[in-house]
Amino acid sequence: MKFLRSLLVATGLAAAALAPVAANAQDIKPRLIRFGYGLSESSNQGRAVKFFVDEMAKRSGGKLKVKGFADASLGSDIQMQNALIGGAQEMMVGSTATLVGIVKDFAVFDLPFLFNNEQEADAVFDGPFGQKLAAKLDEKGLVGLVYWENGFRNLTNSKRPVTKVEDLKGIKLRVMQNPVYIDMFNGFGANAVPLSFSELFTAMETGTVDGQENPVTTIQSSKFYEVQKYLTISKHVYSPWIVLASKRWFDGLSADERKIINEAAVASRDFERKDSRDASKQSIAYLKDKGMQINELSDAELGRMREMVKPAMDKFAAEGGAEQLKDLQAEIAKVRK
Ligand code: TK8
């Protein structure tokens, strides 16, 4: 008995001595990290935030506590970006498209029909091009940690099936607050209405807008099928999310803390992309089941759309984006080989 007890004490001590050693030897302070995002807790975005929360706890011996705030409860993408810059919030994930007011060059990712598939996108975002763009956030008070997948964007609306571009005529279509999107959809003949994502559901419900465009995972998790009848698989833009930290806050952390955040962010990226891709495979059947009428666009029609967006592409190039676009296209060509 005595032996057993001392054995228990000894193993207990050994375990206690071993387990926290890794975290203790490092310079980590107990911290609460507010992490805001726009989608629901049950979305692909929410699942990946949860993964990041757990990963941070694991890697810091429970000291770095991340709290996720879903449904834009800390504000829209743009409001959160500003809160990070001011140091009032620590972290967020959101669309790169809404960052163009801070770093204009991000607009290059909003141009349509650039990527053929997710693998090309991963290589470009994780490679030198994506990293160079993310680094431009530094001097603006933001740290761009990793890119997550939002996904290929598709059109929904409450008016009619869109099988050809002309069907968009007169449709009030919500777009992200971004000039490339506004030009693109006005070019297709729709009436582009820039709105934050957090206002979108109500805008569709009340008829302020007739439609919107987002990946199928978001159409599912945000329950857009409740207010949208028609879904057109157009895949017009591949859209990334970017995980951001407040630079003011991040610079005050120890090297160990920053390392944990960087590594947990990379782990969350790999989790999120796989999870989103798995989920998106189920989404079409789910949305059909919810009563959405779904159609694809013919190659000929997609070809016409490519022609019709040329003026928007030219405008982007003429307004200082030419170099960016050339570099990005070169990078994609490299990846394709
Ligand atoms: C969520 C948004 C969303 C984006 C949009 O906050 O606004 O349509 O696709 O994912 O960032």
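## A tour from ring to cavity

Begin by selecting Phe-271, which is partly exposed, with a relative accessible area of 27% (buried means under 20%, exposed over 50% and partly exposed in between, with a 1.4 Å probe and protein chains only). What you are viewing is a predicted model, in which local features need pLDDT of at least 70 and side-chain atom pairs count only at pLDDT 80 or more, while totals for chains, interfaces and linings use all residues. Residues are numbered from 1 along each chain as its sequence is written, and side-chain values use heavy atoms, with hydrogens and water left out.

**Aromatic rings**

Add Phe-51 to the selection; this residue is also partly exposed, with a relative accessible area of 23%. The structure holds 17 aromatic pairs, where rings of Phe, Tyr and Trp (its six-membered ring) pair if their centres lie within 6.5 Å, and planes under 30 degrees apart count as stacked, over 60 as edge-to-face and the rest as tilted. Phe-51 and Phe-271 form one of these pairs, a stacked one, with 4.5 Å from centre to centre and 10° between the planes. This pair links distant parts of the chain, since Phe-51 lies in helix H3 (residues 44-59) and Phe-271 in helix H11 (residues 255-289), 220 residues apart. Helices (H or I, at least four residues) and strands (E, at least two) are DSSP runs, numbered from the N terminus.

Move next to Phe-109 and Tyr-147, whose rings make an edge-to-face pair at 6.3 Å centre to centre, with 85° between the planes. Here too distant parts of the chain are linked: Phe-109 is in the loop between strand S3 (91-95) and helix H5 (118-126), and Tyr-147 is in strand S4 (residues 142-152), 38 residues apart. Both Phe-109 and Tyr-147 are buried. Extend the selection to Phe-106, Phe-115, Phe-125, Phe-129, Phe-152 and Tyr-238, and you have one aromatic cluster that also includes Phe-109 and Tyr-147.

From Phe-152, turn to Lys-235, whose charged end sits over the Phe-152 ring, 5.7 Å from its centre (the criterion is NZ of Lys or CZ of Arg within 6 Å of the ring centre and within 35 degrees of the ring normal). A further example is Lys-67, with its charged end over the ring of Phe-69, 5.0 Å from the centre of that ring.

**Pocket and cavities**

Keep Lys-235 selected, and add Glu-118, Asn-154, Val-216 and Ser-280: among the 19 residues that line the largest pocket, these five lie nearest its centre. Spaces of this kind are found on a 1 Å grid over the protein atoms alone: a cavity is a set of points where a 1.4 Å probe fits but cannot get out, a pocket is an open set with protein on both sides within 12 Å along at least five of seven lines, and lining residues have an atom within 4 Å of a point. The volume of the largest pocket is about 360 Å³, a volume being the space filled by probe spheres set on the points, with grid points joined across faces, edges and corners. Two or more lining residues come from each of S4, helix H9 (216-221), H11 and strand S11 (293-296), and H11 gives the most, with six residues. The lining of this pocket divides into six nonpolar, six polar and seven charged residues, where Ala, Val, Leu, Ile, Met, Phe, Trp, Tyr, Cys and Pro count as nonpolar, Asp, Glu, Lys and Arg as charged, and the others, Gly among them, as polar.

For the largest cavity, which holds about 210 Å³ of space, select Asp-77, Ser-95, Arg-174, Met-176 and Phe-197, the residues nearest its centre among the 23 that line it. Helix H4 (77-86) and S3 are the elements that give two or more residues to this lining, which has seven nonpolar, 13 polar and three charged residues.

The second largest cavity, of about 50 Å³, has a lining that includes Phe-109, Phe-152, Lys-235 and Tyr-238. By class, nine residues of this lining are nonpolar, one is polar and one is charged.

**Strand S9 and helix H12**

Now select strand S9 (residues 230-233), where Tyr-230 and Thr-232 point one way, Leu-231 and Ile-233 point the other way, and all are buried. S9 pairs with strand S5 (residues 154-157) in the antiparallel sense over three bridges (strands pair if DSSP finds at least two bridges between them), with Thr-232 as the bridge partner of Leu-155. S9 also runs parallel to S11, joined by four bridges, and there Tyr-230 stands opposite Gln-293.

End at Arg-306 in helix H12 (residues 299-308). Arg-306 is partly exposed, with a relative accessible area of 43%, and its C-alpha atom is separated by 9.1 Å from that of His-236, 70 residues apart along the chain.
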